[in-house]
Amino acid sequence: MKHLKLAVLFSLLASLSHVAHAALISVNAYSMPNGNEGSYSYFDDDYTGSGNASSAGAFLSGGVGKLTDGVIANDLWCNTESTGVCGTVGTDINGQYVGWLYTAPTITFSFDPNTRIDRITIYADDSEFNRLTGVTAGAYGFGGVAAPATVSVTELSQTFGLGNIANAGPNKYVLDFAAIETDTLTLQLTGLSAWIFVSEIQFEDTSIVREASAPTTLPLLMLAAGMFAYNRRKKAA
């Protein structure tokens with residue numbers, strides 16, 4: 001009976017040692033207008049393709065950069081784009097966002113031919129921060145920053161409303177749609193206020209699931225194996 005209980009425990013723990021994740025799709029390149037300047041510069045400084053990544057609004061093409069580097073900002077633009085913090089003066093640095101001022105940027109992403117995609121995830125700042133009170137300030141954030149109001153996808157002939165989320169920080173916006181097989185997706189972002197700040201855009205095929213280890217279950221698996229071995233030795237004695 002003890003052996004049976006341990007075997008069942010081991011089996012259950014093993015089944016928990018993997019978790020399913022939808023497959024992220026690799027972006028070969030994207031083209032777009034570079035970010036703009038305000039108190040600091042909010043360029044795609046790491047862009048690898050053609051175009052001047054140090055010039056506001058310059059057209060960039062044939063490369064990749066901040067929007068697909070896997071780095072997702074977890075703080076407000078004013079805490080990530082300079083050495084200062086919100087409401088204080090700092091030195092301009094290469095931050096985590098690309099920011100557009102009074103612009104509805106069109107971004108075209110390129111993939112391998114016949115790539116199946118049914119989800120887009122956009123990570124954008126929605127600061128809503130009042131530097132005087134240190135609390136949320138309503139629909140329009142500190143410095144006039146808010147998440148995009150809508151995202152239009154040309155290949156889908158569809159426009160998604162992101163909606164305002166009342167918090168003081170960046171948000172994750174998930175757009176699900178009927179699967180499309182394509183080698184490009186063209187997104188146009190329209191602003192809710194003066195600035196749009198985006199740190200990452202991801203694409204997924206949710207029909208493909210990859211397995212990833214869940215490290216927190218490993219100690220439990222080792223414990224179950226140890227208990228099993230101890231029980232065997234005790235019985236043999």
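This passage describes the fold, salt bridges, largest pocket and two loop residues of a predicted model.

The protein contains two helices and nine strands. Read from the N terminus, the order of elements is α-β-β-β-β-β-β-β-β-β-α. The chain has 237 residues, and 42% of them are buried. Contacts were also sorted by separation in sequence. Among those between residues at least 6 apart, 72% join residues at least 24 apart. The exposed surface of the protein comes to about 11900 Å². Carbon and sulfur atoms supply 56% of that area.

Salt bridges were examined next. Side chains of opposite charge can pair when their charged atoms come close. The structure holds four such bridges. Three are described here in turn, beginning with Lys 66 and Asp 45. The closest N and O atoms of this pair are 3.1 Å apart. Lys 66 sits in the loop between strand S3 (59-63) and S4, while Asp 45 sits in the loop between strand S2 (29-33) and S3, so the bridge ties together parts 21 residues apart in sequence. Lys 66 is buried, at 2% relative accessible area. Asp 45 is partly exposed, at 32%.

A second bridge joins Arg 116 to Asp 205, with an N to O distance of 2.5 Å. Arg 116 belongs to strand S5 and Asp 205 to strand S9, so this pair ties together parts that are 89 residues apart in sequence. The relative accessible area of Arg 116 is 29%, which means that this residue counts as partly exposed. Asp 205 has a relative accessibility of 5% and counts as buried.

A third bridge links Asp 176 and Arg 119, whose closest N and O atoms are 2.6 Å apart. Asp 176 lies in strand S8 (residues 171-190) and Arg 119 in strand S5, so the pair connects parts 57 residues apart in sequence. Both residues are partly exposed, Asp 176 at 44% relative accessibility and Arg 119 at 25%. Salt bridges with shared partners also form a network, which joins Arg 116, Asp 118 and Asp 205.

The largest pocket was then considered. The space inside is about 160 Å³. Residues from several parts of the sequence line this pocket. Among them are Leu 24, Ile 25, Ser 26 and Val 27. Leu 67, Thr 68 and Gly 70 also belong to the lining. Glu 200, Ile 201, Gln 202 and Phe 203 are lining residues as well. By type, the lining divides into six nonpolar, four polar and one charged residue. Strand S9 (residues 195-213) gives the most to the lining, with four residues.

Leu 24, one of the lining residues, is found in strand S1 (residues 18-24). Leu 24 has 47% relative accessibility and so counts as partly exposed. Neighbours within four places in sequence aside, Leu 24 is in contact with Gln 202, Phe 203 and Glu 204. Of these partners, Gln 202 and Phe 203 also line the largest pocket. Leu 24 and Thr 206 are 182 residues apart in sequence. In space, their C-alpha atoms are 8.5 Å apart.

Backbone angles were examined last, at two loop residues. Tyr 102 has a positive phi, near 45°, and is not a glycine. Tyr 102 lies in the loop between strand S4 (98-101) and strand S5 (106-124). The relative accessibility of Tyr 102 is 69%, so this residue counts as exposed. Ser 157 is likewise a residue other than glycine with a positive phi, here about 50°. The loop that holds Ser 157 runs between strand S6 (150-153) and strand S7 (158-161). Ser 157 counts as exposed because its relative accessibility is 71%.

Key:
Residues numbered from 1 in each chain as written. Predicted model: local features only at pLDDT ≥ 70, side-chain atom pairs only at ≥ 80, totals over all residues. Heavy atoms only, no water. 1 Å grid on protein atoms, 1.4 Å probe; cavity = no way out; pocket = protein on both sides within 12 Å on 5 of 7 lines; lining within 4 Å. Points joined across faces, edges and corners; volume = space filled by probe spheres on them. Nonpolar A, V, L, I, M, F, W, Y, C, P; charged D, E, K, R; others polar. Buried < 20%, exposed > 50% of the residue type's maximum accessible area, 1.4 Å probe, protein only. Salt bridge = Lys/Arg side-chain N within 4 Å of Asp/Glu carboxyl O. Contact = heavy atoms within 4.5 Å. Areas by Shrake-Rupley, 256 points an atom, 1.4 Å probe, with all protein chains shown as cover.
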